[in-house]
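These are my notebook entries on a structure I had not looked at before. I went through the ligand site, then the domains, a hairpin and one residue of a helix.

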Amino acid sequence: MLPYIDVLNRLEHTRYHSGQDLANVFGVTRATIHNCILRLVSMGIPIDRVRGKGYRLMKPLDLLDKAAIKSKLTTSVREKLTQFQIMHELGSTNDYMATQELPKAGCFSVAMAEMQTSGKGRRGRHWESPYAANIYMSVLWPLQKSMSEVGALSPLLSIGILQSLKALGMSGLGLKWPNDIYCHNKKLAGLLIQCSGEVSGTSKMIIGIGVNVYMSQQESVNIDQDWTDIVTHSTTNEISRNEVAANLLNHVVSILDTFERKQVDNLVGEWAQWDILKDKPVMLHKLNENIKGVARGIDEHGYLLLETNNQIQHISAGDVSLRAQL
Ligand code: BTN
């Protein structure tokens with residue numbers, strides 16, 4: 001196994017390390033170090049390579065840190081946290097969570113990755129997940145409600161993610177049904193919820209969240225929609241991924257907890273405040289069918305209200321995609 005993560009941890013922004021020095025430190029050949037560097041570059045890590053000098057990080061890495069994240073969680077969220085893992089590399093944090101044991105009622109586990117090799121988006125799409133650039137996290141929550149009641153959870157969680165970004169000082173935020181978070185009309189974050197019933201009657205909810213923090217043009221070439229990231233809209237360049245992650249957790253866990261204990265209150269009105277599709281012409285793609293209509297917000301179950309020929313259809317998120325006809 002190439003010690004590429006060890007090499008990465010050794011590299012600095014402020015000075016060069018020669019290939020020979022690194023080889024000596026790790027007791028491997030210079031060729032192995034060279035391969036590690038190639039691997040790191042292919043992961044999207046900008047490394048300055050200068051003949052005769054060696055290797056240097058082109059910008060300091062902002063790595064996820066469990067202690068830093070925990071220190072920013074509210075007491076109530078920290079008390080509910082059963083298992084917290086941060087991995088350098090995973091296929092998908094959602095897939096990983098599917099293999100994990102369900103925490104006891106009222107508690108949750110969370111997994112974060114610096115990079116995903118098979119990050120999953122909605123409708124089978126790929127989610128670009130370069131190293132140490134964005135947030136990729138999945139929360140595992142034992143939901144004490146039946147599957148028929150979980151519809152409202154997706155818009156509630158989208159609102160929670162938006163609120164967490166707003167709390168970090170972001171403006172220009174909006175929601176696109178069913179669960180995309182936009183900033184100045186470009187996608188900033190997405191939510192992938194997977195839910196399965198357990199024999200115990202509890203539902204296993206995996207809430208996967210991806211937020212673009214520092215997505216470079218080079219890393220985003222495969223994204224087929226307008227996207228943006230936090231750094232583009234920040235007034236300072238000092239964004240801490242740990243702070244973004246902690247804030248997300250605080251909001252998401254508080255929503256899950258409230259959802260289990262209380263009736264959902266004013267979902268329709270809350271969504272309307274942020275709805276970027278409200279009263280806009282849209283095209284809905286469903287299997288082989290395209291339906292043109294006007295988006296009229298959502299109902300209390302999180303269904304889209306689509307007006308077609310003066311009639312309102314209630315559309316479930318299932319296998320549909322939606323494009324605004326602007
Ligand atoms: C979407 O908007 O299409 C949903 C994107 C969800 C991406 C996140 S990243 C963490 C988690 N793991 C995955 O494989 N997907 C979700």
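Entry 1, classes of residue. Before counting, I fixed the classes: Ala, Val, Leu, Ile, Met, Phe, Trp, Tyr, Cys and Pro count as nonpolar, Asp, Glu, Lys and Arg as charged, and the others, Gly among them, as polar. With these classes I sorted the shell around the ligand and found six nonpolar, 10 polar and four charged residues. I note here that the model is a predicted one.

Entry 2, the ligand and its neighbours. I looked up how many residues surround the ligand and found 20, the closest being Ser-92, Gln-116, Lys-120, Arg-122 and Lys-187. I then went through individual polar contacts with side chains. For Lys-187, an N or O atom of the side chain is 2.6 Å from an oxygen atom of the ligand. Two further contacts involve nitrogen of the ligand: a nitrogen atom lies 2.9 Å from an N or O atom in the side chain of Gln-116, and a nitrogen atom lies 3.0 Å from an N or O atom in the side chain of Thr-93. I also checked the cover, and of the 410 Å² that the ligand exposes when taken alone, the protein buries 99%.

Entry 3, where the shell comes from. Which elements give two or more residues to the shell around the ligand? I listed helix 6 (93-98), strand 5 (135-143), strand 8 (186-197) and strand 9 (203-211). Strand 8 gives the most, with four residues.

Entry 4, domains. The domain assignment of the chain gives domain 1 for residues 4-57, domain 2 for 66-269 and domain 3 for 277-324. I looked up the separation of domain 1 and domain 3, and their C-alpha centres are 51 Å apart.

Entry 5, a hairpin. I followed strand 10 (residues 281-286) and strand 11 (residues 289-298), which pair in the antiparallel sense over six bridges. Lys-286 stands opposite Glu-289 in strand 11. Two residues lie between the strands of this hairpin, and Leu-287 takes a positive phi near 45°.

Entry 6, Leu-8. Is Leu-8 buried or exposed? I placed Leu-8 in helix 1 (residues 4-10), and Leu-8 counts as buried because its relative accessibility is 1%, where the cut-off for buried is under 20%. I also looked up Arg-56, which is 48 residues from Leu-8 along the chain, and the C-alpha atoms of the two are separated by 9.8 Å.

Terms used. Residues numbered from 1 in each chain as written. Predicted model: local features only at pLDDT ≥ 70, side-chain atom pairs only at ≥ 80, totals over all residues. Heavy atoms only, no water. Domains from an automatic or database assignment. Pairing = 2+ DSSP bridges. Near = heavy atom within 4 Å. Polar contact = N/O pair within 3.5 Å; in protein donor to acceptor, adjacent residues only side chain to side chain. Areas by Shrake-Rupley, 256 points an atom, 1.4 Å probe, with all protein chains shown as cover. Buried < 20%, exposed > 50% of the residue type's maximum accessible area, 1.4 Å probe, protein only.
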